[in-house]
Amino acid sequence: MLGREEWLPLARKLDWDYSYVREEEVFPEVISGRPWLPHSEWKDWEESFKTSYREYVDKPIRKRYGCTRLCTDAVGRIENVQKLALPWLNSLKVHAAALPLAEFTGSYRQSAGARFGRDSAWRTMATFGALDEYRHTQIPLLLFHPLLRLDSQFDWAHQVLPHQQLVRDCRATFFR
């Protein structure tokens with residue numbers, strides 16, 4: 001069996017030539033940027049995070065689970081939120097709406113890099129970035145979801161985002 005140092009370089013650069021369509025059609029200038037450069041100009045591009053999907057998923061999951069659980073235990077209790085002064089409660093509602101929306105936007109934009117990045121390593125890195133931003137969307141939704149019982153105004157982000165699926169995904173990710 002190959003060690004990580006032997007197989008990772010083989011798995012990172014998986015670009016190929018397109019026989020069914022021109023490269024300019026796969027990576028249009030309007031999305032890929034100007035000046036439009038052929039792939040030969042990008043072949044030596046190096047991403048900063050050389051990791052595999054398994055490493056991306058396995059290593060941080062224990063940290064994410066612990067952090068999310070600690071946040072829930074520390075500030076996620078309804079009785080703590082009920083004690084807040086009205087200005088603090090209102091800013092918490094704005095935070096509950098704005099943070100997931102911003103992270104979801106980041107996920108969407110990273111997905112564009114995952115599709116239109118000019119090198120396969122770039123596309124892989126952008127895929128991990130999109131997954132990371134999607135997770136950042138899930139965490140505040142998970143933390144603020146119990147507060148909907150307290151005040152329906154915590155529902156802002158939940159109404160805008162496909163929240164039920166996000167909450168289910170988040171629970172499956174962090175509390176398995």
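## Rings that pair up

Two rings of Phe, Tyr or Trp (for Trp, the six-membered one) count as a pair if their centres lie within 6.5 Å. By that rule, ring pairs tie W16, Y18, Y20 and F27 together into a cluster. Keep in mind that what you have in front of you is a predicted model.

Within this cluster, take Y18 and Y20. A search of the whole structure turns up eight aromatic pairs, and Y18 with Y20 is one that sits edge-to-face, at 6.2 Å centre to centre with 90° between the planes. Y20 is out in the open: its relative accessibility of 64% is over the 50% cut-off, so Y20 counts as exposed. F27, another member of the cluster, has a charged neighbour too, as R115 lies over the face of the F27 ring, 5.9 Å from the ring centre.

## A stacked pair across the chain

What are the distance and angle for the rings of Y56 and F128? Their centres are 5.0 Å apart and their planes meet at 5°; that angle is under 30 degrees, so the pair is stacked. This pair links distant parts of the chain, with Y56 in helix α4 and F128 in helix α7, 72 residues apart.

Are these two residues buried or exposed? Y56 is buried at a relative accessible area of 14%, and F128 is buried as well, at 11%. Both values fall under the 20% limit, which is why the two residues get that label.

## Overall layout

Stepping back, the protein has nine helices and zero strands. Read along the sequence, the pattern is α-α-α-α-α-α-α-α-α. The protein has 176 residues, and buried ones make up 31% of them. The accessible surface comes to about 11500 Å², with 59% of it belonging to carbon and sulfur atoms.

The contacts say something about how the chain comes back to itself. Take those between residues at least 6 apart in sequence: 76% of them join residues at least 24 apart.

## The nonpolar core

Which residues form the largest nonpolar core? There are seven: I78, V81, L89, A96, F144, L147 and F154. The elements giving two or more residues to this core are α5 (78-82) and α6 (86-116).

## Salt bridges

The whole structure holds 11 salt bridges. One of them joins the side chains of E55 and R4, at 2.3 Å from N to O. This pair links distant parts of the chain: E55 belongs to helix α4 (residues 53-75) and R4 to helix α1 (residues 4-12), 51 residues apart. The two partners fall into separate accessibility classes: E55 is buried at 16% relative accessibility, whereas R4 is partly exposed at 30%. The cut-off for buried is under 20%, so E55 makes it with its 16%.

R34 and E29 form another salt bridge, with their closest N and O atoms 2.8 Å apart. Here R34 is exposed, with a relative accessible area of 68%, while E29 is partly exposed at 36%. There is also a network of salt bridges, made by R22, E24 and E25.

## Along helix α7

Helix α7 covers residues 120-144, and D132 and R135 sit three residues apart in it, which means they are separated by about one helical turn. These two form a salt bridge, the closest N and O atoms being 2.5 Å apart. D132 is partly exposed at 22% relative accessibility, but R135 counts as buried at 13%. The 20% mark falls between those two values, so the partners end up with separate labels.

Further along the sequence is Q138, also in helix α7. Is Q138 buried or exposed? With a relative accessible area of 4%, Q138 is buried. The C-alpha atoms of Q138 and E103 are separated by 8.9 Å, and the two residues are 35 residues apart along the chain. F128, from the stacked pair with Y56, belongs to helix α7 as well.

Notes. Residues numbered from 1 in each chain as written. Predicted model: local features only at pLDDT ≥ 70, side-chain atom pairs only at ≥ 80, totals over all residues. Heavy atoms only, no water. Salt bridge = Lys/Arg side-chain N within 4 Å of Asp/Glu carboxyl O. Helix = DSSP H or I, 4+ residues; strand = E, 2+ residues; numbered from the N terminus. Buried < 20%, exposed > 50% of the residue type's maximum accessible area, 1.4 Å probe, protein only. Core = buried A, V, L, I, M, F, W, Y, C linked by side-chain atoms within 4.5 Å. Phe/Tyr/Trp six-rings, centres within 6.5 Å; stacked < 30°, edge-to-face > 60°. Lys NZ or Arg CZ within 6 Å of the ring centre and 35° of its normal. Contact = heavy atoms within 4.5 Å. Areas by Shrake-Rupley, 256 points an atom, 1.4 Å probe, with all protein chains shown as cover.
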